[in-house]
Amino acid sequence: MHMEKEVLFKLESEITENSKDGFEDTNEGSNELCISCGEIPCNWDTYGEQIIQDALISFLEEEPEVTTKNNIVRKHCYHRYVYTRYGHLGKGNRIQIPLCVKDKIREQFPEEDDNNYMGHKD
């Protein structure tokens with residue numbers, strides 16, 4: 001268990017260090033309206049750090065020695081954003097995630113195959 005926490009901390013530090021701009025180039029603490037989500041502050045500023053930390057904890061605590069593909073982690077992050085922002089939507093009820101959130105999640109967990117992202121499916 002102690003080893004897992006060390007691995008989690010190391011991976012979280014690497015992601016934070018490698019992608020600081022993922023959190024810094026937004027409107028955190030400002031009165032500027034985000035053109036993607038229409039919120040002040042931007043939804044990424046409000047929920048981004050929590051979403052990334054939740055993904056790291058979810059995938060490292062369960063099987064720290066297993067490498068999870070980025071597309072699976074991205075889907076988890078999209079789901080966590082929707083649940084955190086709107087609560088449980090119910091079967092068949094979907095929303096489109098704002099570009100500010102989607103783009104930042106993609107920056108954190110890029111597609112391994114030529115940026116060929118699945119996109120929103122109904």
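In this predicted model, Arg85 and Glu39 form a salt bridge whose closest N and O atoms are 3.1 Å apart. The two partners come from distant parts of the chain: Arg85 belongs to helix H4, Glu39 sits in the loop between helix H2 (21-24) and H3, and 46 residues separate them. Both ends of the pair retain some access to the surface. Arg85 counts as partly exposed at 25% relative accessibility, and Glu39 is likewise partly exposed, at 29%.

The search of the whole structure returns 4 salt bridges, and another of these also involves helix H4. Arg74 pairs with Glu111, with a closest N to O distance of 2.5 Å. Here too the pair joins distant parts of the chain, since Arg74 is in helix H4 and Glu111 is in the segment after H5, 37 residues apart. The burial of this pair is worth a look for anyone thinking about charged side chains. Arg74 has a relative accessible area of 4% and is therefore buried, while Glu111, at 15%, also counts as buried.

A salt bridge of local character is found between Glu107 and Lys104, where the closest N and O atoms are 3.8 Å apart. Both residues lie in helix H5, and their spacing of 3 residues is about one turn of the helix. Their surroundings differ in accessibility: Glu107 is partly exposed, with a relative accessible area of 43%, whereas Lys104 is buried at 8%.

Helix H4 recurs throughout this picture, and its geometry can be checked simply. With 17 residues at 1.5 Å a residue, H4 should span 24 Å, and its end C-alpha atoms are indeed 24 Å apart, so expectation and model agree. The buried residues of H4 are Asn70, Val73, Arg74, His76, Cys77, Tyr78, Tyr81 and Val82. Just after the helix, Gly87 adopts a positive phi of about 80°.

Asn70, a residue of helix H4, is buried with a relative accessible area of 18%, the threshold for burial being 20%. Setting aside residues up to four places away in sequence, Asn70 touches Phe109, Pro110 and Glu112.

What does the largest nonpolar core consist of, and which residues have the most contacts inside it? This core has 19 residues, and Cys77, Tyr81 and Val101 are the ones with the most contacts inside it. Helix H3 (43-62), helix H4 (70-86) and helix H5 (99-108) each supply at least two of its residues. The greatest contribution comes from H3, which gives 6 residues. Such an arrangement fits a familiar pattern. In soluble globular proteins, nonpolar side chains tend to be buried together. The contacts of Cys77 show how this core is knitted: beyond its neighbours within four places in sequence, Cys77 is in contact with Ile51, Ile52, Ala55, Ile105 and Phe109.

Cysteines also raise the matter of covalent cross-links. The search of the whole structure finds 0 disulfides. Cys42 is in no disulfide, and the nearest cysteine sulfur, that of Cys100, is 3.5 Å away. Why do Cys100 and Cys42 not count as bonded? Their sulfur atoms, at 3.5 Å, are too far apart for a bond, because a disulfide requires the two sulfurs to lie within 2.5 Å. Both residues are shielded from the surface. Cys42 is buried with a relative accessible area of 4%, and Cys100 counts as buried at 10%.

Turning to the protein as a whole, the secondary structure comprises 5 helices and 0 strands, giving the pattern α-α-α-α-α along the sequence. Of the 122 residues, 30% are buried. Among contacts between residues at least 6 apart in sequence, 63% join residues at least 24 apart; the Arg85 and Glu39 pair, 46 residues apart, illustrates a link between distant parts of the chain. The accessible surface comes to about 8400 Å², and carbon and sulfur atoms account for 48% of that area.

How values were computed: Residues are numbered from 1 along each chain as its sequence is written. This is a predicted model: local features need pLDDT of at least 70, side-chain atom pairs count only at pLDDT 80 or more; totals for chains, interfaces and linings use all residues. Side-chain values use heavy atoms; hydrogens and water are left out. A nonpolar core is a set of buried Ala, Val, Leu, Ile, Met, Phe, Trp, Tyr and Cys residues joined through side-chain atoms within 4.5 Å. Buried means under 20% relative accessible area, exposed over 50%, partly exposed in between (1.4 Å probe, protein chains only). Helices (H or I, at least four residues) and strands (E, at least two) are DSSP runs, numbered from the N terminus. Contact means heavy atoms within 4.5 Å. Accessible areas come from the Shrake-Rupley method with a 1.4 Å probe; for residues, only the protein chains shown count as cover. The expected span of a helix is 1.5 Å times one less than its number of residues.
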